[in-house]
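Visitor: I am new to this structure and should like to understand the terms used to describe it. May I put some questions to you as we look?

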Amino acid sequence: MSTVKQPTKDKASFCQEIEEKSHQPISSCYHCMKCAGGCPINFVMEHNNYEILRMIQLGEKDKVYKSNTPWLCVGCKTCAVRCPNGIDTSKVMDTIKMETMAEDKIPASHYNIKLFYELFLDSMKGFPIIGGEGRGYEVGLMGLYKFCTGDFFADMNLGKEMTKRGKMPFLPHNALKRRKGEIKKIFQRAKEKKAP
Amino acid sequence: MKLGYYPGCSLHSTAAEYNMATEAVFDALDLELAELPEWNCCGATAGHSTDRFLALALPLRNLVIAEAEQQKELVLPCAACYNLVKAADHYVREGTPEANDANEELKNIMGSSYNGTVHVTHPLEVIMRKEIVGKVKPQVKNPLKGLKVVPYYGCLLTRPTYVAFDDVEQPQAMDQLMNLAGADVKRWSYKTDCCGGSLTVPRTDVVYEITKKLVTEAQRAGADAIVTACPLCQMTLETRQKEIKNPIPVFFFTELLGISFGHPQAKQWMKKHIIDPIPLLTSLHLL
């Protein structure tokens with residue numbers, strides 16, 4: 001008698017859904033662990049990347065959503081070039097991040113990572129009065145991040161050193177002239193596409 | 001030769017010295033860089049982690065402008081920007097439904113879409129071309145004698161395979177260039193390990209650990225400095241050496257080329273570093 005875990009029918013549909021959204025053949029993973037062997041972040045991950053793939057195969061959605069692994073994945077693609085089955089695990093992790101965001105099920109311990117990503121993109125839309133549409137703006141991003149997390153003292157000295165060397169312009173670049181508004185429109189379309 | 005140039009946000013701020021050095025080295029090699037007008041941020045990790053549409057539309061917009069400017073090649077010195085723009089170009093050429101959709105949306109917003117005609121490239125790939133790399137050696141007036149370095153490629157320059165212009169596991173381009181510049185290139189096993197850059201703000205603790213490992217290994221290999229081709233690797237490695245007893249500077253490869261060319265502005269680039277490289281360079285009489 002086999003003791004290997006098999007997914008039930010409705011649980012298999014979770015795997016299918018993530019496969020379709022990530023365009024990765026998750027079901028062909030046979031856990032050779034090459035991805036985990038090369039992963040530079042696995043020392044802080046709750047689950048190795050192949051374990052996440054196995055959990056998806058088994059339809060263990062809650063467990064996958066609660067894991068810190070997708071949020072700590074930095075997308076370095078070491079797994080992608082080493083997988084014998086052509087699975088880019090980092091794309092699966094991105095998909096899990098997007099799904100947990102859409103279902104509002106982000107583990108509280110990883111909220112800051114999500115917050116940083118959201119503020120990074122938000123700052124690209126530009127700011128009232130000072131503008132800055134379309135470009136990264138470190139001072140604005142870090143200001144917002146500190147305001148939202150309440151952690152005002154982290155990297156203060158580094159910020160000072162950067163400013164001293166002219167590496168952190170105080171005001172954002174206003175580079176969009178003839179094409180002004182295009183970035184805002186792209187973000188508007190992204191929002192509309194996400195709406196149910 | 002005239003090339004389109006997309007510096008990316010970092011080269012206008014945290015990696016200003018990379019911008020200056022790249023422009024100087026390209027100029028010395030008779031390559032003209034024409035900055036893409038009204039370019040936008042590629043979206044970086046924040047884009048591809050949170051939104052499928054933005055992950056494609058933001059990099060693609062730059063390629064639409066490049067085509068409108070009739071640029072045949074676009075040079076991106078930031079490995080992260082290079083990776084995302086190259087990937088967007090790849091998906092358009094492959095004709096994936098998501099890329100087609102993003103392209104169609106851009107047509108509505110910008111009046112034109114991207115047709116897949118631009119060669120997306122990195123300064124390292126450009127300089128390593130046969131007809132250009134031959135011009136490097138005659139320019140080396142100040143060989144980097146005694147400068148022990150390990151080349152650090154990081155993640156996004158060589159992976160995944162559709163962005164790679166060098167071997168994905170054992171890239172050589174920077175090793176060869178540094179040899180040409182006269183540096184003492186050390187071997188190590190961490191040249192393609194990731195620096196964890198995208199977690200440097202929200203999970204600084206994790207990045208301290210990674211940096212500690214990379215810098216310790218570089219020192220164990222006998223290096224006095226690390227050389228990189230990515231502004232995020234450089235910033236992460238220079239600013240997160242908290243637990244290292246004797247921190248080492250992290251150079252951009254174009255900076256070291258510029259120094260070997262005897263460029264008069266090189267000292268100005270060095271002054272922008274967080275870990276001061278000037279004592280090391282003057283002790284070797286290179287600056």
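Visitor: What makes strand β1 (residues 2–5) of chain B and β2(B) a pair?

Guide: This is a predicted model. Two strands pair if DSSP finds at least two bridges between them; β1(B) and β2(B) are joined by four bridges and run parallel, so they satisfy the criterion. One of the partnerships links Y5(B) to E35(B) in β2(B).

Visitor: To which sheet do these strands belong, and in what order do the strands lie?

Guide: The sheet is open and has four strands, in the order β2-β1-β3-β4 of chain B, with parallel pairing. On average, neighbouring strands are turned by 35 degrees against each other, direction ignored.

Visitor: Why are β2 (32–35) and β4 (119–121) of chain B called edge strands?

Guide: Each of these two strands pairs on one side only.

Visitor: How do you know which residues of β7 (residues 225–228) of chain B are buried or exposed?

Guide: A residue is buried if 20 or more other C-beta atoms lie within 10 Å of its own. A225(B) and V227(B) on one side are buried, as are I226(B) and T228(B) on the other, and both faces of β7(B) are therefore covered. In a regular strand the side chains alternate between the two faces of the sheet.

Visitor: Which strands pair with β7(B)?

Guide: Strand β5 (residues 148–152) of chain B pairs with β7(B) in the parallel sense over four bridges, and β7(B) pairs with β8 (residues 250–252) of chain B, also in the parallel sense, over three bridges. V227(B) takes part in both pairings: it is the bridge partner of P151(B), and its own partner in β8(B) is F251(B).

Visitor: What is the hand of the β-α-β crossover from β7(B) to β8(B)?

Guide: The chain passes from β7(B) through helix α11 (residues 231–239) of chain B to β8(B), and the crossover is right-handed. With the strands pointing away from the viewer, that name means a clockwise path from the first strand over the helix to the second.

Visitor: How many residues of chain B are in contact with chain A?

Guide: There are 43 residues of chain B in contact with 50 residues of chain A, the criterion being C-beta atoms within 7 Å. On the chain B side, α2(B) gives the most, with seven residues. That side divides into 21 nonpolar, 14 polar and eight charged residues.

Visitor: Into which domains is chain A divided?

Guide: Chain A is divided into domain 1 (10–105) and domain 2 (109–194). Their C-alpha centres lie 29 Å apart.

Notes:
Residues numbered from 1 in each chain as written. Chains lettered and ligands numbered in written order. Predicted model: local features only at pLDDT ≥ 70, side-chain atom pairs only at ≥ 80, totals over all residues. Domains from an automatic or database assignment. Contact = placed C-beta atoms within 7 Å. Nonpolar A, V, L, I, M, F, W, Y, C, P; charged D, E, K, R; others polar. Buried ≥ 20, exposed ≤ 12 C-beta atoms within 10 Å, placed from the backbone. Axes fitted to C-alpha atoms, helices over the stretch in contact; angles between N-to-C directions.
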